[in-house]
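Subject: Structure for your review

Hello,

Please find the structure below, followed by notes on what was found in it.

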Amino acid sequence: MDLCPQQPAPLFTFGVIADIQYADIDDGFNFSRTRKRYYRSSLKLLQNALESWSDSAVKPDFILQLGDVIDGFNKPNGASQRALDTVMREFASCPVKVHHVWGNHEFYNFSRSQLMGSPLDSSLNADWRPKQSDIYAYKFSPFPGFVFVVLDAYDVSLLGIPESSERYNKAMNLIKLHNNNEDLNCPPELQCHSRFTMFNGGFSQEQLDWLDLVLSVADEKQEKVTLVSHIPVHSGTTDYVCLAWNQEELLAIIRSHSCVVCYMAGHAHDGGYCLDTGAHHLTLDGVIETRPDSDAYATVSVYPDRMELTGSGRVMDRVFLFS
């Protein structure tokens with residue numbers, strides 16, 4: 001009888017989940033009323049993911065939460081903190097570190113200063129951060145030779161900062177160069193400018209310079225780097241309307257460093273993937289628009305030559321080979 005060779009154990013594994021957007025309200029629809037959103041049952045789907053990771057024979061070393069953990073509808077209902085507490089209790093049930101990304105819905109509920117030092121600030125796990133203290137970006141290494149970088153896609157934005165600040169005015173001037181709509185959440189008609197909406201944001205020059213330095217060091221050490229953010233930067237993974245404001249600048253940095261193997265994001269709620277000059281770009285399906293009888297999370301096993309993503313529910317299985 002032929003026996004199948006045993007699969008070698010991964011170097012490490014991690015879980016990934018995006019756009020939970022929990023709120024204790026009835027189901028609704030997206031902005032264009034084309035997609036249903038399941039606000040209450042998103043908590044059950046988070047529980048499903050956490051139970052699966054906790055019960056797994058090979059438990060993940062950490063979890064990536066790609067942003068929008070609670071929905072903006074909590075804010076007018078005065079339920080922001082209550083909703084966040086509810087979600088964080090669930091995360092506390094899983095005994096591994098969670099790296100939280102900040103999305104637009106975090107900023108609908110809290111200011112940037114409120115998020116700093118909050119339970120959603122996982123930068124205490126960092127081994128390198130930008131010098132500018134309120135940029136929420138950091139680097140960590142879960143295993144020798146592998147680096148993860150959490151990026152702040154709302155470093156330049158109209159969200160979470162005082163309207164009287166110079167930072168707000170600069171962001172307003174930038175968005176109005178491309179978006180003349182009275183409601184800045186309405187995308188410009190020109191497709192290539194449709195990303196310039198209030199629910200998107202971008203990366204400051206300070207953050208880009210820091211990232212360039214991080215990646216230069218990783219190139220020298222021949223490390224493999226995965227970038228993690230809320231907003232996609234490659235049009236091959238989502239519609240233009242869901243891209244970061246200055247996605248071309250970030251793409252240029254990625255393309256100039258051979259160490260980058262993957263860029264992971266959420267925000268768009270529909271899964272997407274493309275390969276660009278050796279870097280895999282993944283947009284993960286969002287929990288909020290996933291039916292209550294399905295799931296939306298993934299477990300990633302990392303090997304010396306690849307990452308194997310095993311999806312649950314509507315998330316597709318994928319293999320990311322390292323070039």
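**The strands β12 to β14**

Val300 in β12 stands opposite Leu309 in β13. The model is predicted: local features need pLDDT of at least 70, side-chain atom pairs count only at pLDDT 80 or more, and totals for chains, interfaces and linings use all residues. Residues are numbered from 1 along each chain as its sequence is written, and side-chain values use heavy atoms, with hydrogens and water left out.

Helices (H or I, at least four residues) and strands (E, at least two) are DSSP runs, numbered from the N terminus. Two strands are called paired if DSSP finds at least two bridges between them. Strand β13 (residues 306–313) runs antiparallel to β12, and eight bridges join the two. They form a hairpin with two residues between them. On β14, Leu309 has Arg318 as its bridge partner. The pairing of β13 with β14 (residues 318–321) is also antiparallel, over four bridges, and a hairpin of four residues joins these two strands.

**Rings**

There are 22 aromatic pairs in the structure. Rings of Phe, Tyr and Trp (its six-membered ring) pair if their centres lie within 6.5 Å; planes under 30 degrees apart count as stacked, over 60 as edge-to-face and the rest as tilted. One of the pairs is Trp53 with Tyr297, which is edge-to-face because the planes stand at 80°, with the centres 5.4 Å apart. Trp53 belongs to helix α1 (residues 41–55) and Tyr297 to β12 (residues 296–303), so the pair links parts of the chain 244 residues apart. Buried here means under 20% relative accessible area, exposed over 50%, partly exposed in between (1.4 Å probe, protein chains only). Trp53 is buried at 2% relative accessibility, and Tyr297 is buried at 6%.

Arg306 lies over the face of Tyr303, 4.0 Å from the ring centre (the criterion is NZ of Lys or CZ of Arg within 6 Å of the ring centre and within 35 degrees of the ring normal).

**Helix α6**

Helix α6 (residues 205–221) has 17 residues and an expected span of 24 Å, which agrees with the 24 Å between its end C-alpha atoms; the expected span is 1.5 Å times one less than the number of residues. Its buried residues are Gln207, Leu208, Trp210, Leu211, Val214, Leu215 and Ala218. They fall within an arc of 160° seen down the axis, so they line one face of the helix; the arc is taken from the directions from the helix axis to the C-beta atoms. Just after α6, Gln222 has a positive phi of about 55°.

Regards
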